[in-house]
Amino acid sequence: MRQIQNYARHDLALKAYFRQPGDGRLQPHIPAGDLVWAVVAGHILRQTSFPQLEWLAHSPVRAELGLRVAFGDDALAYCTERMDPLTTRVALAGAPRQAKRNKAFENSRFIGLAADGTGAGRTGKPACSLCGPVRDGKGQVHGSLHHFALLSVVGAGLTLPVDVEPWGPGGSEYAAAQRLLQRAVEHLGPRFADYVVGDGEYATAPFLHAAGALGLSVVARLKENLPLLAAGVRARFDGQTPRAVFQEGKDRVEVWDAEDFDPWETLDWPAVRVLRYRQHKPGGEVVQAEWLTDFPIARLGSLSLYRMAKSRWEIENRGFNDGKNRYGMEHICHHEPNSMLIVWLLILLAMVIERLYRLRHPHRGEHPLRSSIDLLHWLWLSLGAHSPPDTG
Ligand SMILES: [Zn+2]
């Protein structure tokens, strides 16, 4: 854990952040840097509740974890309620920027950003301002859920979450994702990413225009919410032989691809390019989907566009699934809106540090790449080896 802490401080340039993570307490007794590092280190070790972090901070491995002082779970709650999320957001976006400088993405021609929304932290307790009611088919309320949009670096061999934006009752994923994209591009820098990829609900003129104004191309799923374009695509591609056929891994992929569809009336693009793919899996399953983009064919071939469309799944698999199943994103540490937001951001920071350390650490030597679970076991074993329990 000390190695990872050094890696985060120096290689990822997070030293200043861990010294001053945006503490808003007036008379702090426990340094905020220790509390924040405890949350990050704890989540890397998959210890995801504040009482578990308190237990680690009082254990014989405290120093080996990189913590200077012990503290209780109430200190974590009090501090995270009062932290300014902006400081953590800037730090979080700084890590992939630093990784890009360290050539972590050098085998990728394009870097993508994927946006998607989810709900987490279901509770039956009295509602906070971010609680959205969970209704059944009859409209009856059964507890509440917290919603947020996530933005992640995708399509570059390394899925790195960048930021979250919650929305409460009256808000929407669509509005949250626009705020998120705007802010993340500000923090990542204007030329960090090349495109943004999202599901059908992002295929609206305002979102496409907003992305364009940020210097990003868009790859968005085409669904029936654009009925004229969808009908035009069917009229053109149905019955036509595919433009190309690729072997992609074990799948055979047929593609149809044309860049001269008419834009719908509110869209200011001169024309719309649509890719249809029909993916034949070895078991006989066939997946067909259509995606729209403003990437010209001359700049991006059909196979590359197919891969970009598929990069959307990274946010599902390596964002939400890993976040919830491995890093405790479903768990509410402290049911208070700012504390929940800070913990979500720190979970993302834990995921980013773990991935970059495991997959891109320049001092790995000849070690083969470790799987996430291998690293986890190795960390626990090395903590125990450095600090054998006191048997006296
Ligand atoms: Zn709540």
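Helix 3 passes helix 13 in a right-handed crossing, where right-handed means that the near helix is turned clockwise from the far one by less than a right angle, and left-handed that it is turned anticlockwise. Before I go on, this is a predicted model, in which local features need pLDDT of at least 70 and side-chain atom pairs count only at pLDDT 80 or more, while totals for chains, interfaces and linings use all residues. Residues are numbered from 1 along each chain as its sequence is written.

Helix 3 covers residues 32–44 and helix 13 residues 337–360, and their axes come within 8 Å and cross at roughly 60°. Helices here are DSSP runs of H or I with at least four residues, strands are runs of E with at least two, and both are numbered from the N terminus; the axes are lines fitted to C-alpha atoms, for helices over the stretch in contact, with angles running from 0 to 180 degrees between N-to-C directions. The crossing angle makes helix 3 oblique to helix 13, since angles under 35 degrees count as roughly parallel, over 145 as roughly antiparallel, 65 to 115 as roughly perpendicular and the rest as oblique. Among the helix 3 residues that meet helix 13 are Val-36, Val-40 and Ile-44, and among their counterparts are Leu-346, Ala-350 and Ile-353, a contact being counted if the C-beta atoms, placed from the backbone, lie within 7 Å. The residues of this contact divide into 10 nonpolar, 1 polar and 1 charged, with Ala, Val, Leu, Ile, Met, Phe, Trp, Tyr, Cys and Pro as nonpolar, Asp, Glu, Lys and Arg as charged, and the others, Gly among them, as polar.

What angle does helix 7 make with helix 13? Helix 7, residues 85–101, packs on helix 13 at about 15°, with the axes 10 Å apart, and the two are therefore roughly parallel to each other. By class, their contact has 13 nonpolar, 1 polar and 2 charged residues, and the crossing is left-handed.

Helix 6, residues 73–82, packs against helix 13 at about 95°, with the axes 7 Å apart, which makes helix 6 roughly perpendicular to helix 13. Ala-77, Thr-80 and Glu-81 of helix 6 meet Asn-338, Ser-339, Ile-342 and Val-343 of helix 13, and by class these residues are 3 nonpolar, 3 polar and 1 charged.

Turning to the strands, strand 2 (residues 131–135) and strand 3 (residues 141–154) run antiparallel and are joined by 4 bridges, where pairing requires that DSSP finds at least two bridges. Arg-135 stands opposite Val-141 in strand 3, and the hairpin has 5 residues between its strands, with Gly-139 in the turn at a positive phi of about 85°.

Notes
Contact = placed C-beta atoms within 7 Å.
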